Number of protein chains: 2
Amino acid sequence: MKLSPTMQKYIVHWGEMGTRWGVNRTVAQIHALLFLANQPMNAEDIVETLNVARSNVSNSLKELQSWGLVKVQHVLGDRRDHFVALQDVWEIFRVITEERKKRELDPTLTVLRECAIEAENDTEIEAATRQKMDEVLVFLEMLLSGYDDFKHLPPSVVMKLLKMGGKLGQLVAIFGKDDDMAAK
Amino acid sequence: MKLSPTMQKYIVHWGEMGTRWGVNRTVAQIHALLFLANQPMNAEDIVETLNVARSNVSNSLKELQSWGLVKVQHVLGDRRDHFVALQDVWEIFRVITEERKKRELDPTLTVLRECAIEAENDTEIEAATRQKMDEVLVFLEMLLSGYDDFKHLPPSVVMKLLKMGGKLGQLVAIFGKDDDMAAK
DNA sequence: CCTTTGTTTCTGTCTTTACAGAAATTAAAT
DNA sequence: ATTTAATTTCTGTAAAGACAGAAACAAAGG
């Protein structure tokens with residue numbers, strides 16, 4: 001597939017960002033390519049377009065499929081697997097967020113809970129230190145349970161909430177003023 | 001400084017997670033150590049506690065200071081710099097979020113805007129492709145402006161919003177039903 | 001002004017990760 | 001069943017990043 005200059009720039013950048021997001025460059029590039037492509041591509045197409053090794057494409061596609069960002073699609077009269085990327089931006093965002101949460105937050109939550117238990121029998125630990133670990137744990141639990149609530153909302157609703165943004169905050173600040181102070 | 005078993009576990013884990021968060025292990029470990037420590041530590045203390053090279057500590061501290069997660073504190077009668085970590089969990093979260101946004105989202109926004117402009121003169125690009133790039137751009141702009149609104153709210157308010165979570169979404173879903181449909 | 005102590009920068013090594021190319025496996029078609 | 005085409009796994013190499021130790025630098029105290 002021939003890449004227009006703009007597509008090329010987009011794909012290269014997406015690859016660079018990928019490395020910062022914990023995905024390798026090729027995976028991110030392939031994802032960008034398939035997202036922008038207007039027809040299903042087979043592995044060989046991708047190899048030629050991005051100039052990467054066949055094996056690399058194969059592994060990257062497997063990873064993208066495991067994330068649910070790419071799906072196989074068969075083209076009539078062609079034995080080869082063809083691939084298409086999830087096209088809905090909201091859905092892509094949701095998938096990536098969920099995946100990162102799994103890798104970056106959930107393990108921490110697990111360890112923190114273990115620490116909380118072990119701290120009970122840890123004679124050397126200072127009370128203030130234990131207290132701090134606990135604060136982090138409580139914070140994370142609140143954050144993640146909040147996230148769980150929001151992630152099931154339809155995009156249109158989340159969008160509204162985002163657009164209300166600061167306004168909403170002010171509203172809550174006013175209505176909740178009393179127990180806000182109490183909490184403090 | 002002597003580490004209790006629990007502290008050790010916490011610090012080691014924080015270091016491991018750091019690597020997944022785009023921070024190097026030592027930086028993350030030092031941050032965890034200073035966060036848990038109940039008194040200011042000098043560089044040499046850190047070297048001994050974590051068994052890392054002096055230079056490594058120096059560079060890591062510099063990075064943590066540049067993020068605003070660690071501050072210098074002088075101890076009476078001691079020439080050496082001592083270091084303390086920001087103790088407020090909310091504040092820590094805010095700093096990290098902001099930093100990651102800077103590294104992971106802002107550059108993408110820039111490139112996307114450039115792409116949008118360049119796509120005007122890109123004769124090879126298909127309309128559908130340009131359209132998709134645009135969708136991503138619009139999405140990101142909305143997300144970031146929403147984030148900007150929220151980040152100025154006091155923790156207590158954000159906490160309330162999080163706790164309201166799904167309830168809040170339902171409320172918005174009901175009240176906004178009409179133009180919700182219209183937006184579709 | 002020199003010595004001592006603390007801090008930063010530099011250099012080379014080691015570890016990790018990404019990747020290409022080859023070999024092996026699987027699956028479809030004749 | 002055999003051949004052909006497609007895909008995956010394996011292995012070695014290359015690149016990137018993290019880190020230790022040494023050397024250079026800076027600053028405070030005598």
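These legends walk through several close-up views of a predicted model. Residues are numbered from 1 along each chain as its sequence is written, while chains are lettered from A and ligands numbered from 1 in the order in which they are written. Local features need pLDDT of at least 70, side-chain atom pairs count only at pLDDT 80 or more, totals for chains, interfaces and linings use all residues, and side-chain values use heavy atoms, with hydrogens and water left out.

**View 1. Two copies, one turn.** Chain A can be laid on chain B by a turn of 180° and a shift of 0.0 Å along the axis, with an RMSD of 0.0 Å (a least-squares fit on the C-alpha atoms of residues with pLDDT of at least 70 in both copies). The two copies are thus related as by a two-fold rotation axis. Both use the same surface: 100% of the contact residues of chain A turn up again in chain B (contact means heavy atoms within 4.5 Å).

**View 2. The sheet of chain B.** Here is an open sheet of three strands in the order 1-3-2, with antiparallel pairing. Strand 1 (41–42) and strand 2 (70–74) of chain B are the edge strands, each pairing on one side only. Helices (H or I, at least four residues) and strands (E, at least two) are DSSP runs numbered from the N terminus, and two strands pair if DSSP finds at least two bridges between them. Strand 2 of chain B and strand 3 (residues 81–85) of chain B are joined by five bridges; in one of these strands, strand 3, His82(B) is the bridge partner of Gln73(B).

**View 3. Helices against the sheet.** Helix 2 (residues 25–36) of chain B packs on the sheet and touches strand 1, strand 2 and strand 3 of chain B, its direction making about 85° with that of strand 3. Helix 4 (residues 54–67) of chain B lies across strand 2 and strand 3 of chain B, at about 110° to strand 2. Axes are lines fitted to C-alpha atoms, for helices over the stretch in contact, and angles run from 0 to 180 degrees between N-to-C directions.

**View 4. Around DNA strand C.** Of the 17 residues around this strand, Thr26(A), Ala53(A), Ser55(A), Ser58(B) and Lys62(B) come nearest (a residue is near if one of its heavy atoms lies within 4 Å). Sugar and phosphate make up 65% of the atoms of DNA strand C that come within 4 Å of the protein. A phosphate oxygen of DNA strand C sits 2.7 Å from a backbone N or O atom of Ala53(A), and a side-chain N or O atom of Asn56(A) is 2.9 Å from a phosphate oxygen. Such polar contacts are pairs of N or O atoms within 3.5 Å. Helix 4 of chain B gives the largest share of this surface, five residues.

**View 5. Around DNA strand D.** Ser58(A), Lys62(A), Thr26(B), Ala53(B) and Ser55(B) come nearest among the 16 residues here. Of the atoms of DNA strand D within 4 Å of the protein, 67% belong to sugar or phosphate and the rest to bases. A backbone N or O atom of Asp81(A) lies 2.9 Å from a phosphate oxygen, whereas a polar side-chain atom of Ser55(B) lies 2.8 Å from a base oxygen. Helix 4 of chain A brings the largest share of this surface, five residues.

How values were computed. A polar contact is a pair of N or O atoms within 3.5 Å; within protein, one must be able to donate a hydrogen and the other to accept it, and residues adjacent in sequence count only if both atoms are side-chain atoms.
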